[in-house]
Structures are given as structure tokens and as C-alpha cells.
Amino acid sequence: MLSVETFCDSSINANTYLITNNNHVLIIDPANNFKTLQRFIGDKIVDGVILTHGHYDHFKTLKEVLDNYDTKCYLHKEAIKKLSDVNASFAIAFGVNKLPDYDMSKLVAINENTNLTIGSFTLKIWFTPGHTNCSIIVFVEKGFVGANSVRPDRLLCPVGHLLWK
């Protein structure tokens with residue numbers, strides 16, 4: 001059964017979403033304390049990680065996730081560039097002067113406006129530039145997850161939102 005959990009362990013972090021399908025989980029925006037994230041994951045199998053965009057407050061614990069789970073991160077190609085740029089990712093605003101190096105084989109560029117299967121999850125990805133040049137919304141069977149996503153005609157997901165049936 002598909003379900004979603006949302007958590008945020010600090011007022012300066014973005015929401016982290018865990019979408020669960022039976023004993024499999026998809027992590028969206030690993031922004032919070034890694035030990036907290038591990039408690040939420042428990043013994044579930046991590047099928048993948050998705051970044052909604054390349055701002056540091058949305059990927060603060062991505063390196064730890066990729067180092068500790070046999071999984072890949074799916075993100076817009078422009079977000080990949082931000083993972084190593086303290087200015088473009090706004091990491092500098094959080095007092096971070098150096099970002100970790102990532103194993104590039106674990107980073108998968110998502111095509112704009114595409115269907116995607118990650119493990120047991122079938123997703124539709126919308127490219128929603130505005131807040132950043134790499135913002136996406138992730139649609140799953142029962143709803144969608146997006147963060148700070150805008151289109152010229154309307155705000156889709158202000159400050160990390162979830163619509164779930």
C-alpha cells in the first residue's frame with residue numbers, strides 16, 4: 001500500500017518526504033538529520049532518492065544517504081551542477097563553505113516532463129522552472145510532492161508541499 005510520511009527536524013531545513021510502497025521507500029529531499037531519516041526508514045528498502053531542486057536545504061544529507069544505502073539520486077541535470085557549487089546551491093547562506101564530492105555514478109539526470117520507474121514506484125516528473133532552473137514536481141499514484149515550484153501563471157507548491165489523497 002502506498003503511503004507518505006513528512007518530517008522536518010529544524011526550522012531551517014526543508015521537508016523530507018518518504019513515500020512507501022509495502023517495504024520499499026522513495027526519499028524526496030533528504031534535508032534533515034541523517035539519524036532521524038534512518039529512524040523513519042527503519043528496515044525498509046530504499047529504492048531511490050529524488051531532489052525537487054538543487055538548493056542545499058533540500059539535499060543536506062544526500063551524501064550520507066548515498067554512502068549508506070545502495071541507491072541512486074534522481075534529479076534535474078541543472079541540479080547536479082549545484083551539488084558542488086556553494087553559491088548556486090545557497091549552501092554558503094547556511095555557513096557551508098565546501099560541499100562533499102559525490103560519486104557521479106549514483107546521480108541520474110531526469111529528463112524534463114517524463115515518466116520514470118524507480119524500483120517499485122512509477123512516477124511522472126514535471127519540470128517547473130521558476131524558483132530555480134532545476135525545479136521539478138514528482139507525481140505518484142495518489143498525489144504529488146513539490147517544493148517551491150512555480151509556473152509563470154501560478155504557484156504550484158509554495159515552500160515544500162504535498163497533495164495526497
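Here is a short chat about a predicted model of one protein chain.

Me: How confident is the predictor in the protein chain, going by its mean pLDDT?
Reply: Remember that this is a predicted model, so confidence is a good place to start. Across the chain, 85% of the residues reach a pLDDT of 70 or more. The mean pLDDT of the protein chain is 85.

Me: And over which residues does pLDDT stay under 50?
Reply: The model has 50 contacts beyond four places in sequence for that stretch. Still, where pLDDT is low, the predicted coordinates should not be read in detail. The stretch with pLDDT under 50 is residues 149–165.

Me: How many helices and strands does the protein chain have?
Reply: We're looking at 165 residues, 50% of which count as buried. Among contacts between residues at least 6 apart in sequence, 47% join residues at least 24 apart. The secondary structure comes to 4 helices and 13 strands.

Me: Which strands stand at the edges of the open sheet?
Reply: The sheet has 6 strands in the order 1-2-3-4-5-6, with mixed pairing. An edge strand here has a single partner, so one of its sides is left without a neighbour in the sheet. From one strand to the next, the twist averages 25°. The edge strands are strand 1 (2–7) and strand 6 (107–110).

Me: Which residue in strand 6 stands opposite Tyr74?
Reply: Strand 5 covers residues 73–76 and runs parallel to strand 6. The two are joined by 4 bridges. Opposite Tyr74, in strand 6, stands Val108.

Me: Is Thr61 buried or exposed?
Reply: Thr61 sits in the loop between helix 2 (56–59) and helix 3 (62–68). Leaving out residues up to four places away in sequence, Thr61 touches Pro30, Ala31, Asn32, Asn33, Phe34 and Leu37. Its relative accessible area is 6%, and the cut-off for buried is under 20%, so Thr61 is buried.

Me: Which side chain does Asp67 meet in a salt bridge?
Reply: The structure holds 2 salt bridges, and one of them has Asp67 in it, with an N to O distance of 3.5 Å. Both partners lie in helix 3, 4 residues apart, about one turn of the helix. Asp67 is exposed at 53% relative accessibility, whereas its partner is partly exposed at 26%. That partner is Lys63.

Me: What is the N to O distance in the salt bridge of Glu78 and Lys81?
Reply: Glu78 and Lys81 both lie in helix 4 (residues 77–82), 3 residues apart, about one turn of the helix. Lys81 has a relative accessible area of 52%, which is over the 50% cut-off, so Lys81 counts as exposed. The side chains of Glu78 and Lys81 meet at 3.1 Å.

Me: What is the phi of Asn22 near?
Reply: Asn22 is in the loop between strand 2 (16–21) and strand 3 (24–28). At 59% relative accessibility, Asn22 counts as exposed. Its phi is positive, in a residue other than glycine, and is near 55°.

Me: Where is Asn113 found?
Reply: Asn113 isn't a glycine, yet it has a positive phi of about 50°. With a relative accessible area of 48%, Asn113 is partly exposed. Asn113 is found in the loop between strand 6 and strand 7 (114–118).

Me: What does the accessible surface of the protein chain come to?
Reply: Carbon and sulfur atoms account for 52% of that surface. The total for the protein chain comes to about 7900 Å².

How values were computed. Residues numbered from 1 in each chain as written. Predicted model: local features only at pLDDT ≥ 70, side-chain atom pairs only at ≥ 80, totals over all residues. Heavy atoms only, no water. Buried < 20%, exposed > 50% of the residue type's maximum accessible area, 1.4 Å probe, protein only. Contact = heavy atoms within 4.5 Å. pLDDT = per-residue confidence, 0-100. Areas by Shrake-Rupley, 256 points an atom, 1.4 Å probe, with all protein chains shown as cover. Pairing = 2+ DSSP bridges. Axes fitted to C-alpha atoms, helices over the stretch in contact; angles between N-to-C directions. Salt bridge = Lys/Arg side-chain N within 4 Å of Asp/Glu carboxyl O.
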